[in-house]
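Here are a few exercises to help you find your way around a new structure. Have a go at each task before reading the solution below it.

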Amino acid sequence: MMRRPRATTAKPVLYNENENMDSDLSFSQIVSSDEDVEEWRPPESTKASSKTAGAPTAGGRKAAPKRTAKPKVPKEPKVPKAPKDPKPRAPRKPAAKPKSPNTQKTKATTKSVSAGTKRKQTNEDDLGEIKRRAPNHCPEEQMVEESTRMKEERISFIVSDAHQTEGCADEGTSQARLQVTKKEEPDEDFTFDEASLKRLPTSQACQRQRATLPESKAQSLRNELNMNWDLVELLSTLSCVEQWVCANIIMLLSEENTIPFMVRYRKDMINHMDADAVRDVQMVYEELCALAKKTQSVIQTLKKDGVLTPELEESLRNCRSADDLDHVYSPYKKGSKLTKARRAKALGLEDAATALLNSPHTLDLSTWVKPGTEGLSSVEEVATGVEHILADMIAKDPETLSYIKTLCEKSFVTIQSSVSKTALKEKEQEKHDGGHKKPGAEQNKTKDFDKFQLYFDFTCNVQRIQPHQTLAINRGESLKILTVKVNIPDRVKSEFTRWCINNRWRPKTFAREQLNAIIRNAVEDSYKRLILPFLTRSYRTKLTSAAEKESITMFVRNLRQRLLVCPVRGCVIMGVDPGYRHGCKLAILSHTSQILHTDVVYLHNSGQQREAEKLRHLLIKYSCTKVVIGNGTACRETESFFADLISRRYFHPLDVSYCITNEAGASIYSVSPEAVKEMPDMDPNLRSAVSIGRRVQDPLAELVKIDPKHIGIGTYQHDVSAGALKAALDGVVQECVSFVGVDINITSETLMRHVAGLNAGRARSIAEWREKNGPFINREQLKLVKGMGPKSFQQCAGFIRINPQTLNSAKPSAECGPAAQEKPVTKKGRGKAGGNIPTSLNALDQTCIHPESYHVAERFLSFVGGSVDQIGSAGLKHCVESKVNTSCIEELAKKVDTTPETLKLIIDGLTQPPGFDIRQNFGQADFKRGIVSMSDLRVGAVLTGRVDNTALFGAFVDIGVGRSGLIHKSNITLDKLPVSQRRRSLALGPGERVEVRVLNVDIQRGRIGLDLIRVLQ
């Protein structure tokens, strides 16, 4: 399975000998495109390396025993020369340079499996470096893990950065490590398909909890899957995550823990992985479980058909991917033609094929001839049947398939697309018709034909093709516009044939020329008829799978940044849904998003002065200074109208400004059941204006009401797996809502559905309980809600807030509190102890601290000399900071009997001000007062803008001219990005402010080419 690792840590990958290192990706093992770790330096010449081979390691003399590894590589001519180098040269190397490239390269050479493999050398080089630097008390296996390239930690959410730089002297954040790494990496072209990197603080490397599945649990899993591979080991290999982390994730998932809960409150068990990384591991785990389930179904089907043999069952249970399973099972599928091999086996020729390989000197084909029997009537027919059986055996032999895949990885395999004959005929027919326009589907077909001109004669290495190119080719093929094929060099066939005849399928004893000819024919037939189609399908499947994953990753990141846009609070907003014939729909919203007024104005017809007067009246009446315009039809004209009025100070004394927001999905939402329930008596067009305004006031609360696929993010959403896309996007919505947190007393039922641990039923029960009994006083009262069991409470409690300010305003009366405690208790007849539920406020309920850690938080408060009444105050923050600065986080964690991860979370919760919102660190909508047209742009002009959307080929930037410009990915280079973004797989995301230079302007086609200057922070 071809996967881009999205995990916090990665397993060391051993590459095949003589592997072609010019490729970007390997289908067998996909890792980061550059395997160097933070201490890597570009290697010097081989000559310099050999001269210093005998030098002791600069970090100490402990590295000297590594020389004993040299005899393990007898193939290397340079290795034996290393001991002959004069030792007096060693002291010349300063001991203060532990990162010497020469010494490292020598160690890499002595330990590598293939000295010609540069990437392998780098892996071993990193291992040696880490061993020199690692503390003595760390186990060696931990040092090996630290040596491998890890993904950069994508900052999905950072609740507080205040304490990341505090603590022990040896502590360091992942961001700090990445900054060092970037300075030491060689220059290279930045590509969007580059795998993200992730690191762990070294201070935690020796303290992480390497919990593994209990033996009983592991055995039950093996029995349940009933496959010949170990689940944890295979999951670790495919996801590039350590086995102990995979084991913990399996255990947590089996216990029905949600990903947001795991990421925030079980960091030590998942090795500080982010939500995307855990989601990737979960996806691979589910794929393996589905594979095992499908394998069992196939085995039962074959057993029922009476064709299951022990060898076939063994082959099925060895399958590690759906592709492998399909390859083994396809000849036995119902409805498929009886294969040539099965027909020959039915004639009894399997024994002859076995004899040909094991004892050819005893085989006489004439004895198998049966005149009058089809397939056995002559020696030639018998020989043909034996060839078919041997071809089938060759095509299903694991060792043979492994060898052919290795050959292909070393070769220049390309994917080629060309215009199909069907599309050419249709184009010719269109020309003969004199360009007569055809309505409907025919006209759309013509437009589609023109879109694929780039791929009419396209060839690319399968290891370098970009994900968006793969998806475009697939779409063109599905529309029958393109013809696609995979080209495997003839050299692969010749080497494969030679290896099969001389090694793998060579008869064990002497064979006559006639029998050798049968083997040669069988090998060639197997390659052409069975193996080549299998390789083609395999390449196409892997390329498509990788492209879909990259596309979904783009969707996920775009959606996250769209949901986490900072809300515009504390002001009245006018939402405008622009239009021509039906007018512009207006909705004026209060600072709490309540609808104050709705109206329709006709700004693009006669009587504009009258409509302008109405606008001024409404804005002054409601003291509204912010106007939000949707980017749909008539947006440009509406923006021009408002900009003209603002420039003439028409709304004086108000200082009015406006912004453009993406209205994708607003019309779909306006007719949805949620909108009808929320605004039952309102026209659907006016609901769109309300939605547009609320998208700026609180983007998260409004956008969760819309299916993520309709928000207008990403590309090729119809070309990827609908199920995988929906699961990923729903997971991101849950992640965003949970990490931002919800005030349980004022949040909507729609928003509550997306909190980890809750669903539509529980959210409805919470809303009903709140309506009947008044506001929640504390988190413990959630246990009284119908359907809220211990597991649901554990998952959602940390993400739910009880805000004292909103609690006081939400209370209908002072008497509703006690009533809220007694009525639900009488309903619960299943042992829920209502008497144990406290009725008083708990100040910790307004923080991100989980109730399971309240006792630890109280111990820590008493330790620093604070109290719960001081939460969020400057005084408590000063006390905590002084205590953290004087001692290590690990030491403090031991004193309060908890883990460092839990203590850091508690410190964040105690020091964050009341009402803290993680979105305040993200960009807000840009309000402006003037307008620039596309015709005003000049090549070379420097502008600022905000990223509107990102695709697999670049980023679209709104520069305020009504048309987004494109920064092609070739212009997004490392030196133009902040250090924290240089190793992110998708360098830019929606909402980020950038400074750009205009490269070209095509007014006729409406295209603007931009160059990235820098990211504004």
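Two strands count as paired if DSSP finds at least two bridges between them. Strands (E, at least two residues) and helices (H or I, at least four) are DSSP runs, numbered from the N terminus. The model is predicted, so to speak of local features a pLDDT of at least 70 is needed, side-chain atom pairs count only at pLDDT 80 or more, and totals for chains, interfaces and linings use all residues. Residues are numbered from 1 along each chain as its sequence is written, and side-chain values use heavy atoms, with hydrogens and water left out.

**Exercise 1.** Work out the strand order of the open sheet of 5 strands, and find which strands stand at its edges.

*Solution.* Start with the order: β6-β5-β4-β7-β8, with mixed pairing. Next, look at the ends: β6 (595–601) and β8 (657–661) each have a single partner strand, so one side of each has no neighbour in the sheet. Now go to the middle, where β4 (residues 573–577) and β7 (residues 626–630) run parallel, joined by 4 bridges. Gly575 sits opposite Val628 of β7. Finally, add helix α27 (residues 684–697), which packs on the sheet and touches β4, β5 (584–589), β6, β7 and β8. A contact here means heavy atoms within 4.5 Å.

**Exercise 2.** Describe how helices α11 and α13 lie against each other.

*Solution.* First, the numbers: the axes of α11 (residues 275–305) and α13 (residues 322–329) come within 10 Å and cross at roughly 10°. Axes are lines fitted to C-alpha atoms, for helices over the stretch in contact, and angles run from 0 to 180 degrees between N-to-C directions. Then the verdict: the two helices α11 and α13 are therefore roughly parallel, a label for angles under 35 degrees. Last, the residues: α11 brings Leu291, Lys294, Thr295, Val298, Thr301 and Leu302, while α13 brings Ala322, Leu325 and Tyr329.

**Exercise 3.** Place Leu479 in the chain, and decide how exposed Leu479 is.

*Solution.* Leu479 is in the loop between α20 (467–478) and β3 (482–487). Its relative accessibility is 28%, so Leu479 counts as partly exposed (buried is under 20% relative accessible area, exposed over 50%, partly exposed in between, with a 1.4 Å probe and protein chains only). Leu479 is also 8.5 Å from Asp448, C-alpha to C-alpha, with their positions 31 residues apart in sequence.

**Exercise 4.** Find the elements with the lowest and highest mean pLDDT.

*Solution.* Recall that pLDDT is the predictor's confidence in each residue, from 0 to 100. Helix α5 (residues 174–184) has the lowest mean, 34, and helix α9 (residues 259–265) the highest, 95. For the protein, the average is 76.

Key:
Parallel < 35°, antiparallel > 145°, perpendicular 65-115°, else oblique.
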